[in-house]
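Student: I'm new to this one, so could you walk me through it? Let's go one question at a time.

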Amino acid sequence: MISSAKLQVFLILSFVIIIADYFQMLGFVHGASDRVIIPIKQGIRNTAVSMELFRTVYARFPEISNTIEENKILRQSFEELQLESGRLREENIKLRKQLESPLPPSFHFAVASILAVSRYLEIGVGSAEGVKEKMPVVDGNTLIGTIAFVSRHRSSVMLLNDLDAKVAAKTARGVRGTVGGQTGSSIVLSNVLQKDPLILDDQVFTSGEDDLPPDLLIGKIARVSSDDVSVYKQAILTTPIAFDNLHTVFVITSL
Amino acid sequence: MIWFYTICLFIAVVFETTIAPVPITAGILALFALVFAGENPWIFFLTGLMWDLFSMHLLGTGSVLFLIVSWIAQRYKRKFYLGNMLYQIIFISVVVASTSLIYYRTIQPAYLGASVLVSFLLGRLITMTSGSRWEDTGRLGI
């Protein structure tokens with residue numbers, strides 16, 4: 001009976017609390033309890049989420065492990081394909097450019113990928129592909145250099161800025177000279193008579209007087225230097241080719 | 001032993017209001033109502049308040065519900081103590097189902113089953129470890 005009386009007291013107390021809370025008289029209780037409840041709930045929730053994550057990882061560990069391995073392989077494959085795709089795309093652009101270049105249709109080309117750039121440009125075609133020394137190497141209709149050394153499947157290209165390079169050239173105005181390298185990796189048009197005009201931005205082409213085909217673009221005049229006591233004057237040329245970004249070049253194997 | 005009950009109830013309240021809407025507090029309270037047979041009504045009162053605070057119900061409603069459960073357990077204690085164990089299971093199930101229906105507006109069989117099972121197993125555990133107040137018919141005056 002005592003417990004029943006207690007029960008009634010607690011029931012009445014509960015109803016009083018309900019009424020008080022209904023009329024929002026117990027805001028301080030909620031405020032105080034929130035300060036305790038929120039950290040507890042946050043902690044429990046974070047733990048539960050971590051446990052759930054752990055459970056998921058544990059339950060699916062073989063699958064996840066396989067997926068990670070597969071992902072690694074696919075990523076590697078993707079990167080390889082991306083590289084291959086980039087290389088092919090560039091090669092395609094080059095081929096299109098080469099096809100559209102105003103070179104005689106009688107020219108035959110050997111497509112060569114660049115293996116290294118040092119003093120010489122090393123390319124991946126050699127005597128097996130019909131490459132011989134002195135053959136011109138072009139990108140589009142722009143002359144890059146000439147073959148210096150040939151092995152069975154590799155060749156070295158002497159660039160125009162090499163000190164040993166020597167190519168017979170002419171400007172767009174018909175002024176003749178010799179293109180070669182100069183200390184400091186610049187390309188120089190030299191052996192130009194003082195009376196001949198050298199105008200800035202004039203294009204310079206091969207003249208065809210040596211073994212090279214005529215009218216291959218070499219570059220354009222960037223700076224002219226002359227003095228009155230010399231017989232010849234010279235000009236520094238700039239080439240449109242950026243060797244660092246080159247991946248494919250073409251060797252003209254037959255004219 | 002009272003601390004063990006309190007900790008169990010606290011864990012149940014936190015679990016129910018934080019992790020999953022399983023009416024496990026009501027199940028455990030129904031079990032304690034059977035164990036205490038109307039004694040210690042303050043446990044039901046305070047658990048109800050705690051439950052209301054954690055679940056943001058109107059303060060006091062949980063207390064009323066749980067005190068009513070306690071009163072029913074006291075009212076039919078003879079039947080629960082001396083009758084078939086099925087009565088106890090049915091009592092716990094009814095309390096859990098009612099709470100679920102009132103507060104969650106749904107009865108999910110899986111949650112219901114889990115709550116009843118946990119409560120019943122906890123009751124068995126208490127019976128085995130604490131000299132079994134549950135089956136202490138001396139308190140019934142018979």
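Student: In what order do the elements of chain B run from the N terminus on?
Tutor: This is a predicted model, where local features need pLDDT of at least 70, side-chain atom pairs count only at pLDDT 80 or more, and totals for chains, interfaces and linings use all residues. Residues are numbered from 1 along each chain as its sequence is written, while chains are lettered from A and ligands numbered from 1 in the order in which they are written. Helices (H or I, at least four residues) and strands (E, at least two) are DSSP runs numbered from the N terminus, and chain B has 7 helices and 0 strands. From the N terminus on, then, the order is α-α-α-α-α-α-α.

Student: And how many helices and strands does chain A have?
Tutor: Chain A has 255 residues, and 26% of them are buried. Buried means that 20 or more other C-beta atoms lie within 10 Å of the residue's own; exposed means 12 or fewer, partly exposed is in between, and C-beta atoms are placed from the backbone. As for secondary structure, chain A comes to 3 helices and 12 strands.

Student: What share of chain B counts as buried?
Tutor: Let's use the C-beta count again, this time over the 142 residues of chain B. One residue that passes is Phe45(B), in helix α3 (residues 41-55), which is buried because 25 other C-beta atoms sit within 10 Å. Phe15(B), in helix α1 of chain B, counts as partly exposed because it has 16 such neighbours inside 10 Å. For chain B, the buried share is 44%.

Student: Which residues does Phe45(B) contact, leaving aside neighbours within four places in sequence?
Tutor: Two residues are in contact if their C-beta atoms, placed from the backbone, lie within 7 Å. With neighbours within four places left out, the list has partners from both chains: Phe10(A), Leu13(A), Ser14(A), Ser63(B) and Leu67(B).

Student: How many residues of chain A are in contact with chain B, and which helix gives the largest share?
Tutor: On the two sides, 22 residues of chain A are in contact with 21 residues of chain B. Helices α1 and α2 (27-59) of chain A each supply at least two residues of chain A's side. That side divides into 14 nonpolar (Ala, Val, Leu, Ile, Met, Phe, Trp, Tyr, Cys and Pro), 4 charged (Asp, Glu, Lys and Arg) and 4 polar (the others, Gly among them). So the count for chain A is 22, and the largest share, 13 residues, comes from α1(A).

Student: Which helix gives the most to the largest nonpolar core?
Tutor: A nonpolar core is a set of buried Ala, Val, Leu, Ile, Met, Phe, Trp, Tyr and Cys residues joined through C-beta atoms within 7 Å. The largest one has 46 residues, of which Ile28(B), Leu29(B), Ala30(B) and Phe32(B) touch the most other members. Among the elements that each supply at least two residues are α1 (2-22) of chain A and α2 (24-36) of chain B. The most, 11 residues, comes from α2(B).

Student: Is helix α2(A) covered or in the open?
Tutor: It has 33 residues, which at 1.5 Å a residue should span 48 Å (1.5 Å times one less than the number of residues), and its end C-alpha atoms are 45 Å apart, which agrees. The helix bends by about 35° at Asp34(A), the bend being the angle between axes fitted to the seven residues ending there and the seven starting there. The number of its residues that are buried is 0, so α2(A) lies largely in the open.

Student: Which residue stands opposite Ala112(A) in β12(A)?
Tutor: Strand β12 (residues 248-254) of chain A is mostly covered, with 5 of its 7 residues buried. Two strands pair if DSSP finds at least two bridges between them; β12(A) is joined by 6 bridges to β1 (residues 108-117), running antiparallel. There are also 2 bridges, again antiparallel, between β12(A) and β3 (residues 136-139), where Val137(A) partners Val251(A). Opposite Ala112(A) stands Val249(A).

Student: Which residue of β11(A) is the bridge partner of Ile187(A)?
Tutor: Strand β8 (residues 186-193) of chain A pairs with β7 (residues 176-182) over 5 antiparallel bridges, and in that pairing Ile187(A) is the partner of Gly181(A). β8(A) also pairs with β11 (residues 232-238) over 5 antiparallel bridges. In β11(A), the partner of Ile187(A) is Leu237(A).
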